Amino acid sequence: MSYFQTGEEVKLEKAKITLNDCLACSGCITSAESVLITQQSQEELFRVLHENKMLKQEEQKVLVVSISPQSLASLAAKFKMNIHEAGLRLAGFFKGLGVSYVFDTTFARNFSLLESGKEFVRRYKESETEKTSLPMLASACPGWICYAEKTHGSYILPYISTTKSPQQIMGSLVKDYLARRLNKTPDHLYHVTVMPCFDKKLEASRSDFYSDVYQTRDVDCVITSGEVEKMLEKEGTSLIDVEGQPFDHIIENSSYDLVNHQGGGSGGYLEHVIRHAAKEMYGHSLQHVEYKILRNQDFQEVTLELEGKPAIKMALAYGFRNIQNIVQKVKRGRKVPYHFVEIMACPSGCNNGGGQIRPAGEETPKELLGRVSELYSSLKTVEPNDVTGIEQLYTEWLGGSDSNKARKMLHTKYHEVEKMTNALTIKW
Ligand code: SF4
């Protein structure tokens with residue numbers, strides 16, 4: 001019998017709110033940001049698709065969808081198929097709805113990895129004179145960037161790599177390179193990305209990725225893996241019943257195969273940066289990257305030893321508990337024993353993003369995550385430098401890797417956000 005029936009006093013358990021709960025609830029998101037998030041949904045995408053069909057052909061926008069490999073893995077796990085099949089069928093689904101081009105954001109990640117590697121070597125060399133060069137903190141996770149800008153501001157921002165995330169480099173490729181290739185202005189293309197988390201919607205809405213001239217964003221709408229599942233439901237179909245179509249290559253007349261990079265479900269930033277640094281700085285080809293687990297699976301370190309001495313040390317820190325550990329040391333001016341840290345807001349990284357499809361039936365979240373990670377890792381891995389089209393684009397599109405255009409298209413800036421003071425101000 002409950003308290004209401006007996007009138008007996010019952011001592012309730014103390015409510016506990018963890019830092020993760022706090023950040024996950026999005027309560028700290030401003031109302032302007034929540035408007036931007038709700039503007040990006042599957043309903044909005046259906047509206048755009050419908051309105052576009054109503055226009056005369058010459059007035060129609062070119063619709064483009066770029067899919068993240070983590071979302072592909074999530075959908076492949078949901079519909080119990082391999083990742084290649086899921087990719088083909090998903091491309092077929094979007095093309096059936098009126099989308100002209102379907103890309104894989106892994107292609108843009110090649111640039112993101114290459115630029116992160118180069119940036120690290122440059123910062124390492126500058127670190128004797130420039131105090132905030134190291135540790136370089138990875139920049140691909142908007143959940144982490146949002147937290148750093150709102151909570152730690154100028155103490156932390158100079159340490160964050162300026163390299164854009166794969167989503168935003170895909171945005172530059174679509175709205176700049178593809179638009180020119182098609183002889184269109186950027187506002188004549190509507191670019192949708194499919195991502196494993198809601199934070200990517202906020203990233204796409206940043207003013208840094210908005211063109212005042214054309215009044216358009218590099219990424220117009222972000223939908224999550226779970227929202228794609230809802231779109232399939234709304235269309236009354238299952239991925240199993242959709243006919244496959246190939247992915248497109250951003251370069252004309254080239255075919256595209258799904259591939260991946262070495263180093264885990266969050267993009268492999270640590271692995272690429274350490275391999276590149278070992279080669280560039282010490283002429284050493286690193287064959288195998290050995291991780292040492294520290295306090296938990298989400299906090300691991302890698303040490304490159306040369307002649308018996310640690311030469312470069314890097315870490316991955318996933319989830320806010322581990323991120324705090326690094327950030328507080330940097331902020332208080334204490335020595336951080338790492339030259340680079342791959343920071344990701346989600347525990348277990350991007351395969352476990354908040355926008356991924358939830359488990360159904362008896363399956364536990366852990367079991368589903370295991371299947372998603374396995375599918376993600378089943379793709380053949382490549383070195384970003386060896387990928388067809390990358391060198392060509394550095395030359396033809398960007399005019400060289402050190403050009404102003406390369407900096408504009410592949411790098412970004414961060415901004416300190418003034419803290420709001422109200423009764424709910426939280427002390428981090
Ligand atoms: S770690 Fe989580 S929040 Fe960050 S990019 Fe990956 S899925 Fe999104």
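Let's start at the ligand: the residues around it are Cys141, Pro142, Cys197, Asp199, Met344, Ala345, Cys346, Cys350 and Gly353. Sort that shell by class and you get seven nonpolar residues, one polar and one charged. Keep in mind as you look around that this is a predicted model.

Now for the sheets. Strands of a sheet pair through backbone hydrogen bonds, and they can do so either parallel or antiparallel. One sheet here is open and built from four strands, in the order S2-S1-S4-S7, with parallel pairing. Strand S2 (101-104) and strand S7 (221-224) sit at the edges with a single partner strand each, so one side of each has no neighbour in the sheet. On average, neighbouring strands in this sheet are turned by 25 degrees against each other, direction ignored.

Zoom in on one pair: strand S1 (residues 62-67) runs parallel to S2, and four bridges link them. If you want a spot to anchor your view, find Val64, which stands opposite Tyr101 in S2. Then look for helix H9 (residues 166-181), which packs on this sheet and touches S1, S2, strand S4 (189-195) and S7. The direction of H9 makes about 155 degrees with that of S4.

The other sheet to visit is also open, but it has five strands, in the order S3-S11-S10-S9-S8, and its pairing is mixed. Here the edges are strand S3 (136-137) and strand S8 (292-296); each has a single partner strand, so one side of each is left without a neighbour in the sheet. S3 pairs with strand S11 (residues 340-344) in the parallel sense, over two bridges. Within that pairing, Leu137 has Val341 of S11 as its bridge partner. S11 also brings us back to the ligand, since Met344 is among the residues around it and S11 spans residues 340-344.

Just before S3 there is a backbone detail to check: Leu134 and Pro135 are joined by a cis peptide bond, with omega at about 0 degrees. Pro135 is placed in the loop between helix H7 (106-126) and S3. Another backbone detail is at Gln215, where phi is near 50 degrees, a positive value in a residue other than glycine. Gln215 lies in the loop between strand S5 (210-211) and strand S6 (216-217).

That leaves the helix packing, where H11 turns up in two pairs. In one of them, helix H4 (residues 42-54) and helix H11 (residues 225-234) have axes that come within 10 Å and cross at roughly 55 degrees. That angle is why H4 counts as oblique to H11. The crossing of H4 and H11 is right-handed. On the H4 side the contact uses Gln42, Leu45 and Phe46, while H11 supplies Glu227, Lys230, Met231 and Lys234. By class, the contact of H4 with H11 holds three nonpolar, one polar and three charged residues.

In the other pair, helix H5 (residues 69-78) packs against H11 at an angle of about 50 degrees, with the axes 9 Å apart. That makes H5 oblique to H11, and the crossing of H5 and H11 is right-handed. H5 brings Ser71, Ser74, Leu75 and Lys78 to the contact, and H11 brings Ser225, Val228, Glu229 and Leu232. The contact of H5 with H11 divides into three nonpolar, three polar and two charged residues.

Technical notes
Residues are numbered from 1 along each chain as its sequence is written. This is a predicted model: local features need pLDDT of at least 70, side-chain atom pairs count only at pLDDT 80 or more; totals for chains, interfaces and linings use all residues. Side-chain values use heavy atoms; hydrogens and water are left out. Two strands pair if DSSP finds at least two bridges between them. Axes are lines fitted to C-alpha atoms, for helices over the stretch in contact, and angles run from 0 to 180 degrees between N-to-C directions. Contact means heavy atoms within 4.5 Å. A residue is near a molecule or strand if one of its heavy atoms lies within 4 Å of it. Ala, Val, Leu, Ile, Met, Phe, Trp, Tyr, Cys and Pro count as nonpolar, Asp, Glu, Lys and Arg as charged, and the others, Gly among them, as polar. Angles under 35 degrees count as roughly parallel, over 145 as roughly antiparallel, 65 to 115 as roughly perpendicular and the rest as oblique. A crossing is left-handed if the near helix is turned anticlockwise from the far one by less than a right angle, and right-handed if clockwise.
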